[in-house]
Each structure stands twice: as C-alpha cells, then as structure tokens.
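Trainee: Could you take me through one part of this model slowly, showing how a single piece fits in with its surroundings?

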Amino acid sequence: MKNNFFLKVEFSRIAELIDFLVQHCEELRITREGENAGIEARGLEMDAALSARLAILYPEIEVNIIEDGKRERFEPDLPVTLRGILNCPNPNCVTSQPREPALPEFVVVSRRPILLLCTYCGRYLNQNRITAELFKVNKKVPL
Ligand SMILES: [Zn+2]
C-alpha cells in the first residue's frame, strides 16, 4: 500500500538513502534542517524489504507516516529472520553457490548495534559488512 512519509536522517547519509527511496516512491522533497535532512516521500510503497533496509541501515532514522496532514511516528519493522534481502559474504556458504536455490537467510542477533547471523554457515555480519553487501549488485536478491 502506498502512503506519504516524512523521514529525518543525518544530512551526511542522505545520498545513499535517496538512491533507494527513489525506486519506491512517486515524489521526493528534501529540506535541510540543521544537521539533518527532512525527506518527504510521496506515494511510498513501504514493503517489508524497504522497512527492513531502513531498520538495518539507519537505526537512528525518524520515520513518520502522514495521514490527514498529521505526522504519526512509524517504526520500520525488522523481522527476526531476514530472507533474500542481502547476501552472505562467505564464498563457501551454500547460498553463495550459483547452482544452489537456497535464499540467503539471517537471524537478527541484535538491533542496536545491528548484528546478523547467517543461518547456513554461521557467519556474523556487522553494520559495515551489511552496508557493503546491500549495495552490491546481485540478481539473486530482489529489492
Ligand atoms: Zn552464510
């Protein structure tokens, strides 16, 4: 379902955020608010994958949903298990094998700071590793 959202994030992190918001919404308006950027995202499809990405990549982000001109706090949902959102960096992991149909799957060990555990090979992913994996191009992982 599409809705209008207002997001507040540190100005230095805005470029990467806009990069993937723009794929999910109809219109973006950005204003600077001191150290932060205010982003108005109209017609944004806040699906489970986008919500999980926001929660993983921007733990400090403020997200509001706009309804009848009012802003209501929106907590991006982070499921206990993440499937098919990012790849395992371990080249020996079963999910890294090109002929294996297994989708990458991670358990959220901690939310702040973020720590994920691959359910197949037991490799841990911290914030830096997650960011690197998320911005890799991989056809296997749907956006
Ligand atoms: Zn793995």
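Mentor: Let us keep in mind that this is a predicted model, and begin where strand S7, residues 105-110, runs antiparallel to strand S8 and is joined to S8 by 4 bridges. Within this pairing Val 107 stands opposite Leu 117 of S8, and the connection from S7 to S8 is a hairpin that passes through 4 residues. On its other pairing, S8 is linked by 3 bridges to strand S9, residues 124-126, again in an antiparallel arrangement, with Leu 115 placed opposite Asn 126 of S9. The hairpin of S8 and S9 has 5 residues between the strands, and there Gly 122 takes a positive phi near 80 degrees.

Turning now to the faces of S8, which spans residues 115-118, we find Leu 116 and Cys 118 on the covered face, while Leu 115 and Leu 117 belong to the uncovered one. Leu 116 also leads us into the largest nonpolar core, a group of 24 residues in which Leu 116 is listed among those with the most contacts inside the core, together with Phe 5, Leu 7, Ala 41, Leu 44, Phe 106 and Ile 130. The elements that give two or more residues to this core are strand S1 (2-10), strand S3 (36-45), helix H2 (48-57) and S8. Because domain 1 (2-73) and domain 2 (81-134) both contribute residues, this core lies between them. To follow one of its members a little further, Leu 7 touches Ile 39, Ala 41, Ile 61, Glu 62 and Val 63, when residues up to four places away in sequence are not counted.

How values were computed
Residues are numbered from 1 along each chain as its sequence is written. This is a predicted model: local features need pLDDT of at least 70, side-chain atom pairs count only at pLDDT 80 or more; totals for chains, interfaces and linings use all residues. A residue is buried if 20 or more other C-beta atoms lie within 10 Å of its own, exposed if 12 or fewer, and partly exposed in between; C-beta atoms are placed from the backbone. Two strands pair if DSSP finds at least two bridges between them. A nonpolar core is a set of buried Ala, Val, Leu, Ile, Met, Phe, Trp, Tyr and Cys residues joined through C-beta atoms within 7 Å. Domain bounds come from an automatic or database domain assignment. Two residues are in contact if their C-beta atoms, placed from the backbone, lie within 7 Å.
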